[in-house]
Amino acid sequence: MSSRKLACVRTGRDAAAAAVEIGGLVKRYGRTAAVDGLSLTAASGAVTGILGPNGAGKTTTIEICEGYRRPDAGAVRVLGLDPIRDARVLRPRVGVMLQSGGIPPSVSPADYLRLLSRFHASPIDPAALLDLVGLAPVARTPYKRLSGGQQQRLSLAAAVIGRPELVFLDEPTAGMDPQARHATWELITRLRAAGVSVILTTHFMEEAERLCDHVAIIDHGALVAAGTPGQLTGTVGQLRFRAEPGLETDALLAALPPASAAKESPAGHYVIEVPGAVDPPLLAAVTAWCAERGVLANSLRIESRTLEDVFLELTGKELRA
Amino acid sequence: MTAAADAAGAAPVFAPAPGAAPLYRMIAAQAGLELRTLLRNGEQLLLTLVIPLLLLAAFSLEPLVNFATGMSRADFLTPGIIALAVMSTAFTSQAIATGFERRYGVLKRLGATPLSRPGLITSKTATVVTVELLQGVLIIAVALGVGWRPSASPAAIVTAPLLIVLGTAAFSGLGLLMAGTLRAEATLAAANLVYIVLLGVGGVVFPLTRFPAAARPLLELLPTGALSTGLRAVLQHGIVLPVGNTVTLAVWALMAIALAMRLFRWE
């Protein structure tokens, strides 16, 4: 019996119900729609990533789910309940990590977690949790004197101390150094293993690829793609190599299956993309073509697109506000 | 607790077990943290304890102001200093603390915890009352030391606290109204300015009788003037209940709390 099933029994929760269901969500600020007809579902017990450029509507969406904002249109169900009308029931069951702030500057991690632990029926022991997020050495340091990454970890600890069923993490690893980021990833993995549903936003595609069971890419307040990271990245295979600049890629393409693409970007870096995955005949065709021309293909690699490639393809490369 | 322990079959540390604590425990925890934060903050202590006690001691012992009220200096000052203490805690200190809590997102974050907004307001009130009790003990001790001799009817045991409760409600409403509508820096400046002005014209150390006759009824309509005058009537003149001052404070309390409830913005 998995620990996730155990958790379901313990909380009497219907495992089949989605953690979050959003349908046709609209939120306007003045004349601009921050969220414009967004629909997505986050499965119970899974880690769901909401990705999107700045201003795509990620934080607005999360804050509507947290009950901070009232939608202008559409339906939002969190653990099957209404985030505003059922707030009293939801608050103990849902953990929240805001994008920034929320903790009094003069209060220490130990005092803050002790406070939050007193709000809950069966909280995690504050000292154990401080240890877990690596804040034990600064347990008595005022919040304002913690580093950015330490502040983020305290905020994360505050989101989970009440042993919630569902946590919303708005950019949980922003401002963290690599060590803290990896520790946070491990903690999120353990949340998932314990049966907690996690909804997070992030700008780090590597983070989403590693952590998320499911990702939703949103832009201009609407869903542009959703699926497992594998589904999103696995549709195109890539073969990359380096060689002298200025090879005739058109001639190369003629030797490859139809629907392939080849480009040189930047100079001397060649990328060949094919639908699906790179297969042995394609590899043979490329190396044969190179051999005919006496070209040595350096650093030859076969890979699928990264989530970052997919993200940039879907949301464009222009800078956002 | 390690991942190995998780795998060994012990209940994982993060296994969901949600539930709110009893309301009284949440309120006690929140008020306790607020109280410790206040008592560690030098500026807040200056405002709520040092200034009232210094004014009481200095003006009682030295004839810095000619009160010309026919009362001893300590007898005149003590009710005014109690009014000042109530204002400093319920209004100035609470407005500044809450204004910065709002600015730092503390109120927003607390909104996502099981502590409800009425629970949070109750915590803040408990903090204010606790500080007032501490102020009361110290002020009475110093006042008796400098020769304060109250001359009150037995009913003062009820009516003096009643005035203080009404004053606390009025000042809290005004402080939260300010903190919930202005930027934190504006609240800091305005709350301190109001404190200084009402210290001057609220019958705290300067008798209202020294102001022009036309101004006096108006000054008694301000919450500080109503509280200091009312307390002086109860504590020094043996009046059971100064009706005008009591009504004034009740009206301020109702108006300020109603406005704060309507206009307070949590983020």
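**A tour of chain A, and where chain A meets chain B**

Select residues 236-242 of chain A, strand β10, and then residues 269-275 of chain A, strand β12: seven bridges join the two, and they run antiparallel. Keep in mind that this is a predicted model.

Now pick one rung of that ladder. Click Gln238(A) and look across to β12(A), where its bridge partner is Glu273(A). In general, strands of a sheet pair through backbone hydrogen bonds, either parallel or antiparallel.

Next, widen the selection to the whole sheet. It is open and has four strands, in the order β11-β12-β10-β13 of chain A. The pairing is antiparallel. Which strands stand at the edges? Select 261-264 for β11 and 298-304 for β13, both in chain A. Each has a single partner strand, so one side of each is left without a neighbour in the sheet. Turn the view to follow the twist, which averages 15° from one strand to the next.

Add residues 280-292 of chain A. This is helix α11, and it lies across β10, β12 and β13 of chain A. Compare its direction with β10(A): the helix runs at about 25° to that strand.

Last stop: the contact between the chains. It takes 41 residues from chain A and 30 residues from chain B. On chain A, select α1 (3-11), α4 (109-117), α5 (126-132) and α7 (178-193), the elements that give two or more residues to the side touching chain B. Which of them gives the most? That is α1(A), with five residues. Finally, colour this side of chain A by class: 22 residues are nonpolar, nine are polar and 10 are charged.

Technical notes. Residues are numbered from 1 along each chain as its sequence is written. Chains are lettered from A and ligands numbered from 1 in the order in which they are written. This is a predicted model: local features need pLDDT of at least 70, side-chain atom pairs count only at pLDDT 80 or more; totals for chains, interfaces and linings use all residues. Two strands pair if DSSP finds at least two bridges between them. Axes are lines fitted to C-alpha atoms, for helices over the stretch in contact, and angles run from 0 to 180 degrees between N-to-C directions. Two residues are in contact if their C-beta atoms, placed from the backbone, lie within 7 Å. Ala, Val, Leu, Ile, Met, Phe, Trp, Tyr, Cys and Pro count as nonpolar, Asp, Glu, Lys and Arg as charged, and the others, Gly among them, as polar.
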